[in-house]
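The exercises below are to be worked with the sequence and the model open. Each task is followed by a solution in steps.

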Amino acid sequence: MKTKAAVMYEPNKPLQIEEFDLEGPQQGEVLVKYSASGICHSDYSILTGVMDLGPSPMILGHEGAGIIEEVGPGVTELAPGDHVVAVLTPSCGKCVMCQEEKPFMCSQMARLMGTGKMLDGTTRFSRNGEPVYHMAALGTFSERSVVQAGSVVKVKHDAPLDTVCLVGCGVTTGVGAAVNTAKVHAGSSVAVIGCGGVGLSIIQGARINGASTIIAVDPVPEKRELAMQLGATHGVDPFAEGGPIKQVKALTGGLGVHYAFEALGRIDTTEQTWSMIRPAGRAIIVGMTDQSEKIKLKVTGLLSEKRIKGSGYGSAVPKRDVPRFVDWYLSGELKLDEMITKRIKLEDINQAFDEMARGEGARSVIMYD
Ligand SMILES: NC(=O)c1ccc[n+]([C@@H]2O[C@H](COP(=O)([O-])OP(=O)(O)OC[C@H]3O[C@@H](n4cnc5c(N)ncnc54)[C@H](O)[C@@H]3O)[C@@H](O)[C@H]2O)c1
Ligand SMILES: [Zn+2]
Ligand SMILES: [Zn+2]
């Protein structure tokens, strides 16, 4: 069959919208017709060459939701007509990390992420007989895709797919970082650096867990305003007088916050988290920086028992967390509609990346017919 998709031929060039051949699902795979896909900063990081997730041409996109059209041999838990959210890990259930109940570190995920191929080492997309790769073996910037059965999670039919698609990456990453990785406690203080889709989700997770001070750090005034609507108690412009560390400390009696999250993907802001937490506080790094970079931290922080921890995919167990976060949305606790700034056509994707580069809007969502 044919499918229209946005493909990257090389970094720093606009994505091309073209038609590709798509083979049907094989053993343990499913065919998904995507209803919608969010655009995440990680797509932008691949596009700008900051992150390398396999060879080109590559169909990007990893924050999608849709409907199963066909299942391959051996797939028993999913059937045509099921509504699903695509997730970053195939949760193979067999590797050491899955057996230790850490599917967000599934060894097969690393394989899919690094190769742009299916687990059997081949691709389902092609053009003129040549392979076309897909990001995280999801490729949600395509009308249809074939994915590993474990890479989608079934959701209720009354959950709007063009909104809960955000749960596929940004929301699970952010809410999960707050409620799973950090386990933010009631009455605590939290700072979030970077208030895009991921940072706004961290803010919501912190609110849901009962944090009493939530400081949104972002240079864009509209982002700080949106953060306040979603649960932040204070907004800080990092470029204002004093800089981010002094301002965050001033809002917490000079001591610093219990938890500081980096949700942007830069070295300087990663280092800032360490300086804005209080003794015994926790710095949680969610943003993806250039993986060859190094960070520098003051050793005095170690003596005051500060801790720094990365958060991969919100420490999520997708089968538990995706339906849970969708339920939080349906009950009104988790606000997703507010996070969607624009709904666009696939053809407008390059413009959406330009807006992301300028820090405009929270999430753009591609709508398929
Ligand atoms: N750890 C994971 O598993 C995981 C998963 C998904 C995404 N990510 C990463 O999370 C990060 C955030 O993704 P996103 O989609 O929310 O990005 P985004 O581009 O939507 O948001 C980034 C925000 O940072 C703000 N910003 C820019 N400069 C700033 C500064 N100096 N200080 C504070 N804020 C500043 C921007 O205005 C914007 O609001 C990215 O690095 C992405 O790759 C990580
Ligand atoms: Zn993402
Ligand atoms: Zn596994």
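**Exercise 1. The shell around ligand 1**

Which helices each supply at least two residues of the shell around ligand 1?

Solution. The model is a predicted one. Step one is to list the helices: α1 (41–47) and α6 (197–208) each supply at least two residues of the shell. Step two is to place the shell in the fold. Domain 1 (2–168 + 335–367) and domain 2 (171–312) each give at least three residues to the shell around ligand 1. Step three is to sort the shell by residue class: 16 residues are nonpolar, ten are polar and three are charged.

**Exercise 2. Polar contacts of ligand 1**

Find the residues that come nearest to ligand 1, then give the side-chain distances to its oxygen atoms.

Solution. Begin with the 29 residues around ligand 1; H41, S42, D218, K223 and Y313 come nearest. Next, take the side chains in turn. An N or O atom in the side chain of S42 is 2.8 Å from an oxygen atom of ligand 1. For D218, a polar side-chain atom lies 2.7 Å from an oxygen atom of the ligand. For K223, an N or O atom of the side chain is 2.7 Å from a ligand oxygen atom. Finally, consider the surface: ligand 1 taken alone exposes 880 Å², and the protein buries 93% of that.

**Exercise 3. The zinc ion (ligand 3)**

What is the arrangement of the four donor atoms around the zinc ion (ligand 3)?

Solution. First identify the donors: the SG atoms of C92, C95, C98 and C106 coordinate the ion at 2.3 to 2.4 Å. Their spacing in sequence is C-x2-C-x2-C-x7-C. Then check the angles. The four donor atoms subtend 103 to 119°, so the arrangement is tetrahedral.

**Exercise 4. The zinc ion (ligand 2)**

Name the donors of the zinc ion (ligand 2) and state which parts of the chain H62 and C169 tie together.

Solution. The donors are C40 (SG), H62 (NE2) and C169 (SG), at 2.0 to 2.3 Å. Along the chain they follow the spacing C-x21-H-x106-C. H62 sits in the loop between β4 (58–59) and β5 (63–71), and C169 in the loop between α4 (161–164) and α5 (170–181), so this pair ties together parts 107 residues apart in sequence.

**Exercise 5. Backbone details**

Where do P57 and E101 lie?

Solution. P57 is in the loop between α1 and β4. The peptide bond joining S56 and P57 is cis, with omega about -5°. E101 is in the loop between α2 (96–99) and α3 (107–115). Although E101 is not a glycine, its phi is positive, about 60°.

Technical notes
Residues are numbered from 1 along each chain as its sequence is written. Chains are lettered from A and ligands numbered from 1 in the order in which they are written. This is a predicted model: local features need pLDDT of at least 70, side-chain atom pairs count only at pLDDT 80 or more; totals for chains, interfaces and linings use all residues. Side-chain values use heavy atoms; hydrogens and water are left out. A residue is near a molecule or strand if one of its heavy atoms lies within 4 Å of it. A polar contact is a pair of N or O atoms within 3.5 Å; within protein, one must be able to donate a hydrogen and the other to accept it, and residues adjacent in sequence count only if both atoms are side-chain atoms. Accessible areas come from the Shrake-Rupley method with a 1.4 Å probe; for residues, only the protein chains shown count as cover. Helices (H or I, at least four residues) and strands (E, at least two) are DSSP runs, numbered from the N terminus. Ala, Val, Leu, Ile, Met, Phe, Trp, Tyr, Cys and Pro count as nonpolar, Asp, Glu, Lys and Arg as charged, and the others, Gly among them, as polar. Domain bounds come from an automatic or database domain assignment. Donors are N, O and S atoms within 2.8 Å of the metal (3.2 Å for Na, K and Ca); water is not among the atoms, so sites may look incomplete. Four donors count as tetrahedral if all angles lie between 85 and 135 degrees; four count as square planar and six as octahedral if opposite donors are over 155 degrees apart and all others between 65 and 115; anything else is irregular.
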